[in-house]
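Trainee: Got a minute to go through a structure with me? I'd like to talk about its charged side chains.

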Amino acid sequence: MRARILAVGNKMPNWVQSGFDEYYKRIQPMLSTEMVELAAAKRAKNPSDANLAQYREQESQALLAAHSSASREQLWVLDVKGKMLSTENLAVKLSTAMQQGDDIALVIGGADGVAPELLAKADMTWSLSALTLPHPLVRVVLMEQLYRAMSINHNHPYHRGN
């Protein structure tokens, strides 16, 4: 099984790259992970609502194009309105995907979210928090939670939850 993180945006601050890299390095023996960065849509200085919808659409098309729909790759889209999971439930979902022989594409949309078409094609929509998180921070939180869930699945002592 492998997990690909499909993320809009590049040129992350050093603290983001450092945090992401730490968990990326840790998770590799348990779960082959790849980061695929896609360019954000060019934005106007004072975008209208129509512009924002256009940005979401453009970025969502790029995300869908990067998704390997021909293979057995589940599409998990991070969305504030998605299902909240405990780390233990995430571990179960990852374990189930592994048992089914599926790969996973985890989508981090752009600053304006993702288009309804992308959400409609998702196998799961997942919310990391009811809080609004900066997109760079989401990368670090996502990698840490993947590592924590895989630690549970591999009986590694990293996770000390109840």
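Mentor: Let's start with the overall fold and then turn to the charges.

Trainee: Sure. What should I know about the model and its numbering?

Mentor: It's a predicted model, where local features need pLDDT of at least 70, side-chain atom pairs count only at pLDDT 80 or more, and totals for chains, interfaces and linings use all residues. Residues are numbered from 1 along each chain as its sequence is written, and side-chain values use heavy atoms, with hydrogens and water left out.

Trainee: How many helices and strands are there in the protein chain?

Mentor: There are 5 helices and 5 strands, where helices (H or I, at least four residues) and strands (E, at least two) are DSSP runs numbered from the N terminus. The order from the N terminus is β-α-β-α-β-α-β-α-β-α.

Trainee: And what is the radius of gyration of the protein chain?

Mentor: The protein chain has 16 Å, which agrees with the value near 15 Å for a compact globule with 162 residues. That radius is taken over C-alpha atoms, and the globule rule is 2.2 Å times the number of residues to the power 0.38. Along the principal axes, the C-alpha trace spans about 50 × 35 × 25 Å.

Trainee: OK, charges now. How many salt bridges does a search of the whole structure find?

Mentor: The search finds 11, a salt bridge being a side-chain nitrogen of Lys or Arg within 4 Å of a carboxyl oxygen of Asp or Glu.

Trainee: Which residue forms a salt bridge with Arg 4?

Mentor: Glu 73 does, and the closest N and O atoms are 2.7 Å apart. This pair links distant parts of the chain, with Glu 73 in strand 3 (residues 73-84) and Arg 4 in strand 1 (residues 2-8), 69 residues apart.

Trainee: Are Glu 73 and Arg 4 buried or exposed?

Mentor: Both are buried. Buried means under 20% relative accessible area, exposed over 50%, and partly exposed in between (1.4 Å probe, protein chains only).

Trainee: What about Arg 43, which side chain does it meet in helix 2?

Mentor: Arg 43 meets Glu 59 in a salt bridge (2.9 Å, N to O). Arg 43 is in the loop between strand 2 (32-38) and helix 2 (49-66), while Glu 59 is in helix 2, so the pair ties together parts 16 residues apart in sequence. Arg 43 counts as partly exposed because its relative accessibility is 34%, whereas Glu 59, at 2%, counts as buried.

Mentor: Arg 43 also meets Asp 112 in a salt bridge at 2.7 Å, N to O. Here Asp 112 sits in the loop between strand 4 (103-108) and helix 4 (116-121), and the two residues are 69 residues apart. Asp 112 counts as partly exposed at 22% relative accessibility.

Trainee: Which residues are linked in a network of salt bridges?

Mentor: Arg 2, Glu 34 and Asp 103 are.

Trainee: Last one: which side chain of opposite charge is nearest to Asp 79?

Mentor: Lys 81, 6.1 Å away; Asp 79 is buried yet has no salt bridge. Asp 79 lies in strand 3. Leaving aside neighbours within four places in sequence, Asp 79 is in contact (heavy atoms within 4.5 Å) with Leu 119, Trp 126 and Ser 127.

Notes: Lys, Arg positive; Asp, Glu negative; His and termini not counted.
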